[in-house]
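Here is a short guided tour of a protein model, written for someone meeting structures like this early on. Keep the 3D view open as you read, and look up each residue as it is named.

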Amino acid sequence: MSFSEAEVQSARGAWEKMYVDAEDNGTAVLVRMFTEHPDTKSYFTHFKGMDSAEEMKQSDHVRGHGKRVFTAINDMVQHLDNTEAFLGILNPLGQKHATQLKIDPKNFRIICDIILQLMEEKFGGDCKASFEKVTNEICTHLTNIYKEAGW
């Protein structure tokens with residue numbers, strides 16, 4: 001993993017814009033994922049019965065998970081200049097999703113793409129471009145973790 005100092009600062013600046021409203025933005029990402037990719041709801045027992053986007057937006061479970069996703073990404077973003085620390089956050093997360101939760105790894109690319117879409121909608125293409133390398137690193141490392149876990 002190799003980010004220049006300028007890339008680190010640019011990615012952190014882009015992410016700060018999203019993270020300042022972590023719960024609402026995290027919720028928006030999950031609601032979009034669940035409505036555009038309904039099969040992704042099957043991994044969440046609390047979310048299965050929710051059919052409308054409005055119901056999902058109001059759900060404490062969806063809001064809480066959206067915030068957890070954003071908090072995990074925020075922790076990784078704080079360590080873009082320290083590969084060991086970055087992977088120290090990402091590896092256990094990937095292991096848990098691969099071995100315990102059995103989440104299909106394609107869902108990470110889906111959620112990262114939705115985060116980038118929301119960034120672009122809210123803050124423009126430059127913001128999205130500043131963060132694409134981060135999502136690519138996250139997805140690449142998660143793919144490797146899944147391969148090591150036998151997926």
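Just after α6, glycine 124 adopts a positive phi of about 95 degrees. This is a predicted model, and the angles and distances below are computed from it. Lysine 102 has a positive phi too, of about 55 degrees, although it is not a glycine. You will find lysine 102 just after α5, in the loop that links α5 and α6.

**The overall picture**

A record helps to set the scene. UniProt lists residues 2-147 as "domain: Globin", in an unreviewed entry. Over residues 2-147 the chain is 77% helix and 0% strand, and the C-alpha atoms at the two ends are 22 Å apart.

Three of the helices can be set side by side:

| Helix | Residues in helix | Distance between end C-alpha atoms | Expected span |
|---|---|---|---|
| α2 | 15 residues | 21 Å | 21 Å |
| α5 | 18 residues | 25 Å | 26 Å |
| α6 | 18 residues | 26 Å | 26 Å |

For α2, the reach is close to the value expected at 1.5 Å a residue. The spans of α5 and α6 agree with expectation as well.

**What the helices hide**

Which residues of α6 are buried? They are Asn107, Phe108, Ile110, Ile111, Cys112, Ile114, Ile115, Leu116, Leu118 and Met119. An α-helix has 3.6 residues a turn, so residues three or four places apart point the same way. The cover over the buried residues of α6 includes α1, α2, α4, α5 and α7.

In α5, the buried residues are Phe86, Leu87, Leu90, Gly94, His97 and Ala98, and they pack against α4, α6 and α7. Helix α2 has buried residues too, among them Ala22, Gly26, Leu30 and Phe34. Those of α2 are covered by elements including α1, α3 (53-58), α4 and α6.

**The nonpolar core**

In soluble globular proteins, nonpolar side chains tend to be buried together. Here the largest nonpolar core has 46 residues, and the members that touch the most others are Trp15, Phe70, Leu80, Met119, Phe131, Val134 and Ile138. Two or more residues each come from α1 (5-19), α2 (22-36), α4 (60-77), α5 (83-100), α6 (106-123) and α7 (125-148). Helix α6 gives the largest share, 9 residues.

Let us look at one of these members. Apart from neighbours within four places in sequence, which residues is valine 134 in contact with? The contacts are Phe3, Ala11, Val77 and Leu80.

**Following phenylalanine 3**

Phenylalanine 3 sits in the segment before α1. Is phenylalanine 3 buried or exposed? With a relative accessibility of 14%, phenylalanine 3 counts as buried, because the cut-off for buried is under 20%. Leaving out residues up to four places away in sequence, phenylalanine 3 touches Val8, Leu80, Lys133, Val134 and Glu137. Leucine 80 is 77 residues away from phenylalanine 3 in sequence, yet their C-alpha atoms are 6.9 Å apart in space. Lysine 133 lies over the face of the phenylalanine 3 ring, at 4.8 Å from the ring centre.

**Rings that meet**

A pair of aromatic rings is described by the distance of the centres and the angle of the planes. The model has 8 aromatic pairs. In one of them, the rings of phenylalanine 44 and phenylalanine 47 have centres 4.8 Å apart and planes at 20 degrees, so the pair is stacked. Phenylalanine 47 is buried, with a relative accessible area of 3%.

Tyrosine 146 and tryptophan 151 make an edge-to-face pair instead, with 5.1 Å from centre to centre and 65 degrees between the planes. Tyrosine 146 is buried at 1% relative accessible area, whereas tryptophan 151, at 48%, is partly exposed. Both tyrosine 146 and tryptophan 151 are touched by proline 105, which lies in the loop between α5 and α6. Proline 105 is partly exposed, with a relative accessible area of 25%.

Finally, Trp15, Tyr19, Phe70 and Phe131 form one aromatic cluster. Trp15, Phe70 and Phe131 were also named above among the core residues that touch the most other members. The C-alpha atom of Phe70 lies 18 Å from that of proline 105, and the two residues are 35 apart in sequence.

Note on methods:
Residues numbered from 1 in each chain as written. Predicted model: local features only at pLDDT ≥ 70, side-chain atom pairs only at ≥ 80, totals over all residues. Heavy atoms only, no water. Core = buried A, V, L, I, M, F, W, Y, C linked by side-chain atoms within 4.5 Å. Buried < 20%, exposed > 50% of the residue type's maximum accessible area, 1.4 Å probe, protein only. Helix = DSSP H or I, 4+ residues; strand = E, 2+ residues; numbered from the N terminus. Contact = heavy atoms within 4.5 Å. UniProt positions renumbered as here; feature names shortened; annotations may be inferred. Phe/Tyr/Trp six-rings, centres within 6.5 Å; stacked < 30°, edge-to-face > 60°. Lys NZ or Arg CZ within 6 Å of the ring centre and 35° of its normal. Expected span 1.5 Å × (residues − 1).
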